[in-house]
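Work through the exercises below with the sequence and the structure side by side, and try each task before reading its solution.

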Amino acid sequence: SFVFCLVSFVMPILFNICLWCDLGGDDMARKLGKLMDRLMWLDHETGGKGVPISWALTGQTIEALGRVSPSTLEAIRWRTTSKDHYAWDKAEIVTSTFHSSLLVQPSVHDDRVQDSYVNHFVREDVKRTNKALHEYLDRTPRGFCPSEKVFNVFSSHVLSSEGYDYVIIGGEHFGSDSHGQGNKGQVFETRASHLKVLVTANEVNPSNFARYPTAESYVDDIIAYAHRNKLGRVLTACDVDFFLNNVDEGFERLKWIYYKTRGQGETIRFVNSGALVDSAFQSGYHAPLCLEEFYLSRGITDPIRFASSWVNAEGNLDYINHKRGEDARTYLDAWENKRANGGNWDALNRSLDVWLNIAHTVFYDNRPEWLNFMPEHYNENLAKAWDRLHEA
């Protein structure tokens, strides 16, 4: 059996908000820059370090900030923690794939094709983000938040080999609230790549404004949730868009969540997500647990290939745009066949480059607005990707 030792609450609850940011458009990037600037520079006149939010930026978001908000890039360099000089109480830049592409293609069931996708397409998209991270922000990678939180253990070797120490994944398949379970407060580790894995507490989403009308009510519920489930760490995450509809209101809400945690004494401490990983090597918090062994304990028979996401606790495909999923499967199968049979590598890379432009359009739930998302962009790039592939 898989047994957890429950945390003692002598130590403060370590709490973080990770905001997912995939904003290629200039208008939204300006809003994001304004929000980040204000939160990173909060209280700096009195020696404050700002709000230690973890900002999960895709590579194209980093580039968009570079175009429209150079002051934000300067603030990031001055006001966020870095891998070489890490601080728990400063904001952190967490990254994702450049094009918001998935770490796993859920419509692909052939391990040969899936392996090719991970080792070539995913790796290339991660490399592009790392290049933007270095050129624009003078940062090296540490934390990774995958698009739609799609993750499996097999894909972890790419992240580890590209310099990442930890990944943030959805907590939907780790158990539910009110059962005294400590799963979502753990730091996990993949056995093969030694990548650390943080799990979101999906029941206490910071964007649920209806449930939490005030910052105070949100922090109070985080504390109650942690005590109820015996958690020493609580990681929450959502799209930054919820705070950009009105930047002033978004800033006020996040600011007061931060101030509310500071007013709780030693009960709770707002830190960045990397601090949650570091706490696994600090006295008073649990050491990392093996993710593969945990999956086996939950009845997951293939812990290496099981693909989780925030909309996919059961591992089914009911939510997928099946037409585009089939398009992806057919293209990736043909690409790998060309590669395996000695196709022209330059042409293969040109095809890969184009297909990555639409890699993010396949995986969405069944809401009508996603079923035909960006159709002209999708059809044009799919046709170009096939044209380049035929040249190989």
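**Exercise 1: strands S1, S2 and S3**

Strands S1 and S2 run parallel and are joined by 4 bridges; the model in which they are seen is a predicted one. Task: establish which residue of S2 stands opposite Leu19, and which residue of S3 is the bridge partner of Leu57.

Solution. Begin with the pairing of S1 and S2, where Leu19 stands opposite Trp55. Next, follow the chain from S1 through H1 to S2, a β-α-β crossover that is right-handed. Then turn to S2 itself (residues 54-57), from which Ser54 and Ala56 point one way while Trp55 and Leu57 point the other way, all of them being buried. Finally, pass on to S3, which pairs with S2 in the parallel sense over 4 bridges, and in which Thr95 is the bridge partner of Leu57.

**Exercise 2: Asp37 in helix H1**

Task: decide whether Asp37 is buried or exposed, and find which side chain makes a polar contact with its own side chain.

Solution. Locate Asp37 first, in helix H1, which covers residues 26-40. Its relative accessibility is 17%, and because buried means under 20%, Asp37 counts as buried. Beyond the residues up to four places away in sequence, Asp37 touches Ser69, Ser71, Thr72 and Ala75, and with the side chain of Thr72 the side chain of Asp37 makes a polar contact at 3.3 Å.

**Exercise 3: Thr81 in a loop**

Task: state which backbone nitrogen the side chain of Thr81 reaches, and whether Thr81 is buried or exposed.

Solution. Thr81 is placed in the loop between helix H3 (70-79) and strand S3 (92-95). Although it belongs to a loop, Thr81 has a relative accessible area of 5% and is buried. Its side chain comes to 2.7 Å from the backbone nitrogen of Ala87. When neighbours within four places in sequence are left aside, the contacts of Thr81 include Tyr86, Lys90, Arg139 and Asn272.

**Exercise 4: the cysteines Cys18 and Cys21**

Task: determine how many disulfides the structure holds, and why Cys21 is not bonded to Cys18.

Solution. The count of disulfides is 0. Cys18 is in none, the nearest cysteine sulfur being that of Cys145, 4.4 Å away, whereas the cut-off for a disulfide is 2.5 Å. For Cys21 the closest cysteine sulfur is in Cys18, and because the two sulfurs are 7.9 Å apart, they are too far from each other for a bond. As to accessibility, Cys18 is buried with a relative accessible area of 1%, and Cys21 is buried with 0%.

**Exercise 5: helices H6 and H10**

Task: check the span of H10 against what its 19 residues should give, and name the elements against which the buried residues of H6 pack.

Solution. H10 (residues 322-340) should span 27 Å at 1.5 Å a residue, and its end C-alpha atoms are 27 Å apart, so the two values agree. Its buried residues, among them Arg324, Tyr331 and Trp335, pack against helices H4, H11 and H13. After H10 comes Gly342, with a positive phi near 85 degrees.

For H6 (residues 215-229), the 15 residues reach 21 Å from the first C-alpha to the last, close to the expected 21 Å. The buried residues of H6, including Tyr218, Ile222 and Tyr225, pack against strands S1, S8 and S9 and helix H7. Lys230, just after H6, takes a positive phi of about 60 degrees.

Technical notes:
Residues numbered from 1 in each chain as written. Predicted model: local features only at pLDDT ≥ 70, side-chain atom pairs only at ≥ 80, totals over all residues. Heavy atoms only, no water. Helix = DSSP H or I, 4+ residues; strand = E, 2+ residues; numbered from the N terminus. Buried < 20%, exposed > 50% of the residue type's maximum accessible area, 1.4 Å probe, protein only. Contact = heavy atoms within 4.5 Å. Polar contact = N/O pair within 3.5 Å; in protein donor to acceptor, adjacent residues only side chain to side chain. Expected span 1.5 Å × (residues − 1). Pairing = 2+ DSSP bridges. Right-handed = clockwise from strand over helix to strand, strands pointing away.
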